[in-house]
Amino acid sequence: MKHWKELCTLSLVHFMAFPEMQSGGSHFAASIDRLAAMDFFGALEMGAVAAPADRAAVRKAAEKHGLKIAVGVQPVILGEGIDLNSADTDARIAAVRRLTALIDRSAEMDAGAFVILSGKDPGDQNRGAAYLRLKDSVERLAEHSGRLGIDTVLEIFDRSVEKKALVGPAQEAADFADSVRIARAARPAFGLLYDMGHMPLLGETPHTALPILAPHLVEVHLGNCVLDPESPIYGDKHPRFGYPGGIAGVAELVAFLRELFAVGFLREEVDGDPRPWVGFEVRPQAGETTEDILANIQTTWEAAWRQL
């Protein structure tokens, strides 16, 4: 097996690794300098950086170190209750308008991708109509982002545990991606993001989900979760690999990566760029630091790659 740097681009979800900076603040450039010194990540997934000066600092620091940038607005969507499939037309129009403005901000950081999630699942009887509304919203966002050279990426979340999102189970997510492609064949790039840490919350496995999603995947996230309802971090809390009560360690990461190779998302021969993005989404828990989780990511990844 070749060195992983030849076969994929490792990214870090910055706003999870540095939760104190999720809603803005300073020291963005210093944090990027710190990550670049690891010589491990090739890309960073920033949040919706609020201040223009901070967005300029992110772009400058990323360019200095040759790091690619994506922007994930999941915290904004969840924090503000934004629903791209809302049955309330005014609310849905406002949601699209709000995210369109965040796409413009992402362009200031020279982002190549803009990551979103669907709204809440309305239940069996209303799900079909919700998917049609989501499709319209996503197409509007993708058309706008595409004009700026940015891909729109929809992350798949749990439906019944915590986020309770419309998208959703693997087959439904793939069917939705198909509907967007068919409706707007000439539209800008659009794809799905599947999170290893969300997989158990959906009752899925690498073997059941990844073959279905493979034609539509533009990124995967690697992470962990806890399924014990009695745990204080039950659900989608992004603990480190090997966390007590968690479901993912080195062995589970190896199985996930092997399936990514099996479905062709990862390949042993890559013709130049863009190499597929493989992102880590891990958050320090109580008593842990950012340094702790960065060390855990690197150690777990290197141990898993040696077993491929």
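**A guided tour, starting at helix α10**

Select residues 250-262, which form helix α10: its 13 residues, at 1.5 Å a residue, should span 18 Å, and its end C-alpha atoms are indeed 18 Å apart, so the two agree. The expected span is 1.5 Å times one less than the number of residues, and helices (H or I, at least four residues) and strands (E, at least two) are DSSP runs numbered from the N terminus. The model is a predicted one, in which local features need pLDDT of at least 70 and side-chain atom pairs count only at pLDDT 80 or more, while totals for chains, interfaces and linings use all residues. Residues are numbered from 1 along each chain as its sequence is written, and side-chain values use heavy atoms, with hydrogens and water left out.

Stay on α10 and colour its buried residues, which are L253, V254, F256, L257, E259, L260 and F261; buried means under 20% relative accessible area, exposed over 50%, and partly exposed in between, with a 1.4 Å probe and protein chains only. These buried residues pack against α1 (4-7), β6 (190-195), α9 (206-213), β7 (217-222) and α11 (290-306), where contact means heavy atoms within 4.5 Å. Just after the helix, click on G264, whose phi is positive, near 90 degrees.

Next, select E45 in strand β2 (residues 43-46). Which side chain of opposite charge is nearest to E45? It is K68, 12 Å away, and E45 is buried yet has no salt bridge, that is, no side-chain nitrogen of Lys or Arg within 4 Å of a carboxyl oxygen of Asp or Glu; in counting charges, Lys and Arg are positive and Asp and Glu negative, whereas His and the chain ends are not counted. Leaving aside neighbours within four places in sequence, the residues in contact with E45 include S11, H14, A70, H221 and W277.

Now turn to the salt bridges, beginning with K64 and D33, whose closest N and O atoms are 3.2 Å apart. This pair links distant parts of the chain, since K64 is in helix α4 (residues 52-65) and D33 in helix α3 (residues 28-36), 31 residues apart. K64 counts as exposed because its relative accessibility is 57%, and D33 counts as partly exposed at 30%.

Finally, select R127 and D124, which form a salt bridge with closest N and O atoms 2.9 Å apart. R127 is buried, with a relative accessible area of 14%, whereas D124 counts as exposed at 62%. Add D121, R159 and E172 to the selection, and you will see a network of salt bridges linking them with D124 and R127.
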